[in-house]
Amino acid sequence: MSRKKETFHSGFAAIVGRPNMGKSTFLNHVLGRKVAAVTPKPQTTRTRILGVCHRPHSQLVFVDTPGIHQSGGVHLNKVMVDTAYRACRDVEVILYFVDAMSGLLPEDHPILTNLWKRKIPVVLVVNKADRIQRDRLLPLLAALPLEQFPFVEVIPISALTGENVERLLKVVENHMPEGPPYFPEDQDTDQSERFLAAEMVREKLFLYLRQELPYSLAVQTESFQELPGRMEIHVQIMVDRDSQKGIIIGKRGDMLKRVGSEARRDLEKLFGVPVFLQTWVKVRKDWAADMRLLREVGYLEEGSDGNDHPGG
Ligand SMILES: Nc1nc2c(ncn2[C@@H]2O[C@H](COP(=O)(O)OP(=O)(O)OP(=O)(O)O)[C@@H](O)[C@H]2O)c(=O)[nH]1
Ligand SMILES: [Mg+2]
């Protein structure tokens with residue numbers, strides 16, 4: 001599709017897929033800065049994150065979402081999956097992310113069946129293409145069930161190296177209707193600085209804590225002050241049980257110190273000023289089942305009770 005140079009196009013593209021496919025890595029790459037937490041652990045993203053890509057003749061608004069997974073058990077999981085499906089409403093195109101190592105798996109089928117009900121074009125993004133040799137990609141692409149799921153495009157990329165990302169951006173751009181930009185030039189996300197502060201702390205906790213612990217905690221910014229030449233941020237880490245509190249603090253406070261200083265470094269890069277970051281841990285039993293708290297922390301969206309029918 002070719003367009004006259006003078007027209008401007010804008011719209012929304014949802015970034016969807018199972019956990020750990022590199023969705024947030026892609027968002028960060030497109031923005032050129034880290035607004036979404038990224039870790040090798042699944043279910044890192046808990047909320048919908050907007051990222052705005054300003055281009056000369058278009059504005060592409062990407063919507064990063066939590067990975068869609070079997071949400072049995074913890075209520076928060078259900079809320080996350082619900083958030084992902086809700087984000088696919090009112091978008092021009094859906095980017096469905098898979099990992100080039102595994103391709104499309106049986107677990108993807110029910111998700112895609114759901115997405116197909118919406119009659120929105122779906123692009124299959126085969127991410128992490130840097131991890132496999134090009135000739136190993138071909139059988140994967142040849143085996144795609146295109147009759148069942150006729151993707152409008154299939155594009156291998158690497159969100160890590162940026163390989164082929166420009167091609168994907170062009171495809172997204174071609175799905176955007178003519179219209180004015182949604183966001184001003186100087187805005188690239190809808191995430192508040194308070195939320196980003198909590199997310200950077202949560203990212204480090206996800207990186208360094210083992211087993212189930214990352215999934216048992218929530219992080220909330222208690223206070224956020226912009227002072228002359230610096231920022232002072234107080235962040236609270238919530239856990240379910242007393243025993244977890246000790247692990248997060250670590251021997252002689254080592255774990256919390258490491259988490260705090262690495263999160264601070266990220267925040268200084270993000271905000272461009274020195275940051276004073278204080279973290280503490282509080283036990284709040286069953287926080288993940290407390291709807292009011294989920295809303296307060298920002299994991300439950302306005303207008304959602306976390307119980308939307310998948311695909312609704
Ligand atoms: N080699 C390689 N690794 C990647 C690429 N993209 C992402 N990763 C890694 O894959 C892991 C998961 O990345 P995320 O961006 O957090 O994945 P996600 O899909 O957002 O995961 P959830 O938020 O849990 O749904 C991280 O360790 C990334 O560094 C890529 O293109 N190549
Ligand atoms: Mg993510």
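Okay, one bit of vocabulary before we start: when I say helix, I mean a DSSP run of H or I that is at least four residues long, and the numbering goes from the N terminus. Keep in mind as well that this is a predicted model.

With that in hand, let's go to ligand 1. Which helix gives the most to the shell around it? That would be α1, with three residues. There are 23 residues around ligand 1, and the ones that come nearest are Lys23, Thr25, Gln43, Thr45 and Asp130. If you sort the shell by character, you get seven nonpolar residues, 11 polar and five charged.

Now for some individual contacts. The side chain of threonine 25 has an N or O atom 2.5 Å from an oxygen atom of ligand 1. Lysine 128 also uses its side chain, with an N or O atom 3.0 Å from a ligand 1 oxygen. Threonine 39 does it through the backbone: an N or O atom there lies 3.5 Å from an oxygen of ligand 1. And how much of ligand 1 does the protein cover? On its own the ligand has 660 Å² of accessible area, and 90% of that is covered by the protein.

Next, the metal. Ligand 2 is a magnesium ion, and its protein donors are Ser24, through OG, and Thr45, through OG1, at 2.0 to 2.1 Å. These two come from distant parts of the chain, 21 residues apart: serine 24 sits in helix α1, residues 23-31, while threonine 45 is in the loop between α1 and β2. Both of them are buried. And you've met Thr45 already, among the residues that come nearest to ligand 1.

Staying in that loop between α1 and β2, we also find glutamine 43. Its phi is positive, near 60 degrees, and it's not a glycine. Buried or exposed? Glutamine 43 counts as buried because its relative accessibility is 19%, and the cut-off is under 20%.

Compare glutamine 211, over in the loop between α6 and β7. Here too phi is positive, about 50 degrees, in a residue that is not a glycine. But glutamine 211 has a relative accessible area of 68%, so this one is exposed.

Last stop: serine 216, in the loop between α6, residues 193-208, and β7, residues 217-227. Serine 216 is buried, at 12% relative accessible area. What does it touch, leaving out residues up to four places away in sequence? Met238, Val239, Asp240, Gln244 and Trp287.

That's my tour, thanks.

Note on methods. Residues are numbered from 1 along each chain as its sequence is written. Chains are lettered from A and ligands numbered from 1 in the order in which they are written. This is a predicted model: local features need pLDDT of at least 70, side-chain atom pairs count only at pLDDT 80 or more; totals for chains, interfaces and linings use all residues. Side-chain values use heavy atoms; hydrogens and water are left out. Donors are N, O and S atoms within 2.8 Å of the metal (3.2 Å for Na, K and Ca); water is not among the atoms, so sites may look incomplete. Buried means under 20% relative accessible area, exposed over 50%, partly exposed in between (1.4 Å probe, protein chains only). Contact means heavy atoms within 4.5 Å. A residue is near a molecule or strand if one of its heavy atoms lies within 4 Å of it. A polar contact is a pair of N or O atoms within 3.5 Å; within protein, one must be able to donate a hydrogen and the other to accept it, and residues adjacent in sequence count only if both atoms are side-chain atoms. Accessible areas come from the Shrake-Rupley method with a 1.4 Å probe; for residues, only the protein chains shown count as cover. Ala, Val, Leu, Ile, Met, Phe, Trp, Tyr, Cys and Pro count as nonpolar, Asp, Glu, Lys and Arg as charged, and the others, Gly among them, as polar.
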